[in-house]
Amino acid sequence: MQMAERIVEKRIECNYTQNMVAEKLNIARDSISRYENGSRSIPINILVEMSNLFDVSVEYLVTGEYPSDDTKLDEAMLEMIMKYTPTQKKVICKLKTVDEAFKVGAQV
């Protein structure tokens with residue numbers, strides 16, 4: 001299952017429509033549709049907000065695996081990423097590992 005499919009699954013499990021999620025995240029409904037069909041990359045800040053809304057970890061939405069206690073995303077790391085500029089966040093969304101994300105943050 002891909003990330004887009006997990007987002008649809010979690011949205012439905014929470015009994016949310018695309019319109020409801022869009023309202024809660026303060027974004028357009030068509031953006032939710034594009035995230036769910038995989039035609040648009042999800043900005044990291046929206047991914048974090050979705051994980052909170054659906055009460056799952058970012059790791060679950062991205063990988064499909066629930067984190068164990070020793071692999072949970074650290075709150076400080078999330079706070080650091082949220083402070084990145086919009087340009088940094090766009091680059092981060094295209095990266096494959098968290099280590100790459102921190103290298104980008106240090107360089108920009």
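**Figure 1. The fold, read along the sequence, runs α-α-α-α-α-α-α-α.** This is a predicted model, and its tally comes to 8 helices and 0 strands. There are 108 residues in the protein, and 34% of them count as buried. For the surface-minded, the accessible area is about 7000 Å², with carbon and sulfur atoms holding 49% of it. As for contacts, take those between residues at least 6 apart in sequence: 45% of them link residues at least 24 apart.

**Figure 2. Here helix 1 packs against helix 4, with an angle of about 35°.** Two packed helices are described by the angle between their axes and the distance between the axes. For this pair, the axes sit 10 Å apart, and the crossing of helix 1 past helix 4 is left-handed. On the helix 1 side, the residues that take part are Met3, Ile7, Lys10 and Arg11. They meet Leu47, Met50 and Phe54 from helix 4. Sort the residues of this contact by type and you get 5 nonpolar, no polar and 2 charged.

**Figure 3. Zooming in on rings, this view shows Tyr16 with Phe54, an aromatic pair.** The structure holds 1 such pair. A pair of aromatic rings is described by the distance of the centres and the angle of the planes. Here the centres are 6.4 Å apart and the planes make an angle of 35°, so the pair counts as tilted, a label for angles that are neither under 30 degrees nor over 60. Tyr16 belongs to the loop between helix 1 (3-13) and helix 2 (18-25), while Phe54 is in helix 4 (residues 44-54), so the pair ties together parts that are 38 residues apart in sequence. Both partners are tucked away: Tyr16 is buried at a relative accessible area of 19%, and Phe54 is buried too, at 5%. Phe54 also turns up in the previous view, among the helix 4 residues that meet helix 1.

**Figure 4. The last close-up centres on Ser51, a residue of helix 4.** Is Ser51 buried or exposed? Its relative accessibility is 5%, so Ser51 counts as buried, given that the cut-off is under 20%. Which residues is Ser51 in contact with, leaving aside its neighbours within four places in sequence? The list reads Val56, Ser57, Val58 and Leu61.

Technical notes:
Residues numbered from 1 in each chain as written. Predicted model: local features only at pLDDT ≥ 70, side-chain atom pairs only at ≥ 80, totals over all residues. Heavy atoms only, no water. Helix = DSSP H or I, 4+ residues; strand = E, 2+ residues; numbered from the N terminus. Buried < 20%, exposed > 50% of the residue type's maximum accessible area, 1.4 Å probe, protein only. Contact = heavy atoms within 4.5 Å. Areas by Shrake-Rupley, 256 points an atom, 1.4 Å probe, with all protein chains shown as cover. Phe/Tyr/Trp six-rings, centres within 6.5 Å; stacked < 30°, edge-to-face > 60°. Axes fitted to C-alpha atoms, helices over the stretch in contact; angles between N-to-C directions. Left-handed = near helix turned anticlockwise from the far one by under 90°. Nonpolar A, V, L, I, M, F, W, Y, C, P; charged D, E, K, R; others polar.
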